[in-house]
Amino acid sequence: MRQGFRVLGVAIRSERGVFAVAVLSSAVYGVTTVASAWALGWATQNLVLPSLAEGRVADGALTAAVLLILGVALFKAMGVAGRRYFAGVMQYRMQARSRREVTRQYLRLPLAWHHKHPTGQLLSNASADAEAAWAPLAPLPMAVGVVVMLVTAAVALVATDPVLALVGFLIFPAIAVLNFVYQRRLSPLATRAQQLRAEVSEVAHESFDGALVVKTLGREDEETARFRAGAEELRDANIAVGRVRGLFDPLLEALPTLGVLAVLLVGAGRLESGAITPGVLVQVAYLFTLLAFPIRALGWVLAELPRAVVGYERVRAVLDTTGSMEYGSATLTGEKPAGLRVQGLGYSYGDSAVLHEVDLDIPPGRTVALVGPTGSGKSTLAQTFVRLVDPGRGAVLIDGIDLREVARGGVSEAVALVPQQTFLFDDTVRGNVTLGLPVGDEDVWAALRLAQADGFVSALPGGLDTKVGERGTSLSGGQRQRLALARALVRRPRLLVLDDATSSVDPQVEAKILQGLRDTAQASTVVVVAYRMATIALADEVVYLEHGRVTDQGPHELLLTRCKGYRNLVTAYEREEAEREALDAEEAEKEEEVSA
């Protein structure tokens with residue numbers, strides 16, 4: 001409960017003005033609620049009873065009673081409207097702020113952090129957890145107003161009749177004890193339910209994101225069963241929460257009603273003895289009737305606190321993460337191709353070392369191919385060039401400047417990476433190429449021509465204004481890769497890193513792209529992670545990696561003669577083709593012999 005109150009304190013400090021107006025409106029509601037009981041008692045004593053005794057209604061008393069009750073009701077309605085409106089404003093502002101903060105933190109955190117956290121969990125942090133953290137804010141102003149109401153009612157009750165007040169006050173300790181037990185029972189169940197929401201979200205995201213794999217391999221039933229298992233576990237957890245609420249809610253509802261009955265029972269005796277008037281009894285009984293519902297507002301806040309604490313802690317776990325990268329103040333200025341140097345670079349995924357003491361020196365304007373077997377560390381090395389991850393040891397320098405000393409955003413202004421897995425937004429061709437960069441259509445078309453994408457783009461129904469669909473589903477794999485390449489080229493990078501970014505492109509088109517990168521006036525230093533012989537042959541130099549180390553470096557022809565591992569790797573495809581052709585020839589000869 002202390003943790004829950006600290007969470008509420010964060011919201012109150014963040015939205016002081018809105019909270020103050022909501023509480024003031026709730027206080028008006030609380031005071032007018034007490035005043036409505038007094039108005040009803042006054043009307044009973046001065047209008048109803050005299051009218052019954054005299055057999056007629058006094059016009060002046062009737063007018064006064066109507067105006068009194070309507071006036072109290074009007075102020076009460078204004079208090080309700082103000083309380084609800086500003087409580088909603090406060091709640092939704094805090095939820096929106098948490099979502100923005102979590103999302104900004106996701107963008108700040110390095111790729112290495114994202115590798116350790118499932119996407120479904122991250123989605124849950126930014127949505128369900130942010131929503132749960134501030135759920136108690138909706139009833140909070142009413143609960144504070146209830147405190148004002150209770151103080152006002154206590155004073156009014158004591159002033160009206162101390163004995164009946166004492167009878168009624170016995171109900172409040174019972175409510176407090178019941179709420180305490182309620183929180184102790186509900187908190188662990190709510191914690192479990194909130195965790196399961198994230199797990200179900202993870203399963204759903206994996207299934208949707210991997211829809212192609214699921215369908216092509218006929219895994220629909222298995223994925224449905226996996227989701228069903230998580231959903232049923234979440235269902236059971238929510239039912240457990242519901243059972244606790246179902247047990248305690250009627251008790252919390254019943255206690256104020258029992259208080260009213262106790263007041264009526266004792267009050268009837270005091271009325272018979274002449275200690276109080278009928279108006280006083282009606283006033284006190286009606287006051288407790290009115291208090292029965294507002295008291296529940298305290299229970300609503302307390303009931304939401306366990307979920308709020310869990311949601312807030314999950315959000316804070318993201319916001320307090322210290323995995324963000326440190327930045328300096330250096331800039332990568334200039335328009336000419338950049339020089340790239342790697343010194344003693346090492347990198348590990350947890351306890352698994354991927355790169356070991358890598359040293360490279362790539363002069364400006366050169367095209368270098370990174371070649372190596374699967375798992376040799378090529379993609380990881382490429383990610384260090386654009387500072388998606390920082391090396392555990394050593395340094396990556398561009399134009400002699402350590403990337404860790406470059407100001408935030410400085411690396412992306414000079415360096416661009418085109419990954420093999422292309423992602424396109426559900427936007428137009430223009431929007432996917434520019435991504436908000438203020439460039440004209442001429443520059444966009446120039447980048448498309450360099451990426452050999454202008455032909456198919458001009459053939460699209462809307463040209464640059466054609467929407468490509470979610471993840472670019474309306475385009476082929478090669479077309480998506482060329483748009484991704486154009487996206488990088490339109491930024492005129494001084495260092496361009498292609499991580500097998502043309503694997504889905506026709507070899508002839510790929511050759512034109514690489515040749516264009518060498519010949520254009522927008523020349524960049526190019527590092528390409530490559531597998532095809534045709535691609536590798538276009539590079540000025542080849543760097544061969546094996547087991548996370550640079551085992552050889554030099555021109556393609558030289559490495560073919562002196563590096564056995566390189567030769568076996570790059571000629572494997574050609575050997576396979578030659579063997580297949582030889583087998584086909586043998587089968588053809590056998591068929592001719594049989595025919596003869």
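Before I start, one term: a salt bridge here is a side-chain nitrogen of Lys or Arg within 4 Å of a carboxyl oxygen of Asp or Glu. With that in hand, and bearing in mind that what we are looking at is a predicted model, let me begin with the side chains of Arg 314 and Asp 129, which meet in such a salt bridge at 2.7 Å from N to O. This pair links distant parts of the chain, since Arg 314 sits in helix H11, residues 278-319, while Asp 129 sits in helix H5, residues 119-133, and the two are 185 residues apart. Are these two partners buried or exposed? Arg 314 has a relative accessible area of 15% and is therefore counted as buried, and Asp 129, with a relative accessible area of 0%, is buried as well.

That pair is not alone, because a search of the whole structure finds 13 salt bridges by the nitrogen-to-oxygen cut-off of 4 Å. Another of them joins Glu 15 to Arg 93, with the closest N and O atoms 3.2 Å apart. Glu 15 lies in the loop between helix H1, residues 2-14, and helix H2, whereas Arg 93 lies in helix H3, so this pair ties together parts that are 78 residues apart in sequence. The two ends differ in their surroundings: Glu 15 counts as buried at 7% relative accessibility, while Arg 93, at 42%, is partly exposed. If you look a little further along, you will find that Glu 15, Arg 93 and Arg 97 are linked in a network of salt bridges.

A third example is the salt bridge in which the side chains of Arg 430 and Asp 465 meet, at 2.4 Å from N to O. Here Arg 430 belongs to helix H14, residues 429-434, and Asp 465 to the loop between helix H16, residues 454-459, and helix H17, residues 477-489, so that parts of the chain 35 residues apart are linked. Both partners are partly exposed, Arg 430 with a relative accessible area of 23% and Asp 465 with 48%.

Let me turn now to the surface, where Arg 100, Arg 104, Arg 108 and Arg 408 gather in a patch of positive charge. Of these, Arg 100 lies in helix H3, which covers residues 59-108, and at 46% relative accessibility Arg 100 counts as partly exposed.

There is also a nonpolar patch on the surface, formed by Leu 24, Val 28, Leu 74, Phe 75 and Met 78, which together have about 500 Å² of accessible area. Which helix gives the most to this patch? Helix H2, residues 16-54, and helix H3 each supply at least two residues, but H3 gives the most, with three. Met 78 is found in helix H3, and, at 51% relative accessibility, Met 78 counts as exposed.

Finally, let me take you to a pair of strands. Strand S9, residues 541-546, and strand S10, residues 549-554, run antiparallel and are joined by five bridges. For one pairing to look at, take Val 543, whose bridge partner in S10 is Gln 553. The two strands form a hairpin with two residues between them, and in the turn His 547 has a positive phi of about 55°. As a general point to keep in mind when viewing such a region, side chains in a regular strand alternate between the two faces of the sheet.

Conventions. Residues numbered from 1 in each chain as written. Predicted model: local features only at pLDDT ≥ 70, side-chain atom pairs only at ≥ 80, totals over all residues. Heavy atoms only, no water. Patch = residues over 30% accessible without salt bridge, like charges linked within 9 Å, V, L, I, M, F, W, Y side chains within 5 Å. Areas by Shrake-Rupley, 256 points an atom, 1.4 Å probe, with all protein chains shown as cover. Lys, Arg positive; Asp, Glu negative; His and termini not counted. Charge placed at Lys NZ, Arg CZ, Asp CG, Glu CD. Helix = DSSP H or I, 4+ residues; strand = E, 2+ residues; numbered from the N terminus. Buried < 20%, exposed > 50% of the residue type's maximum accessible area, 1.4 Å probe, protein only. Pairing = 2+ DSSP bridges.
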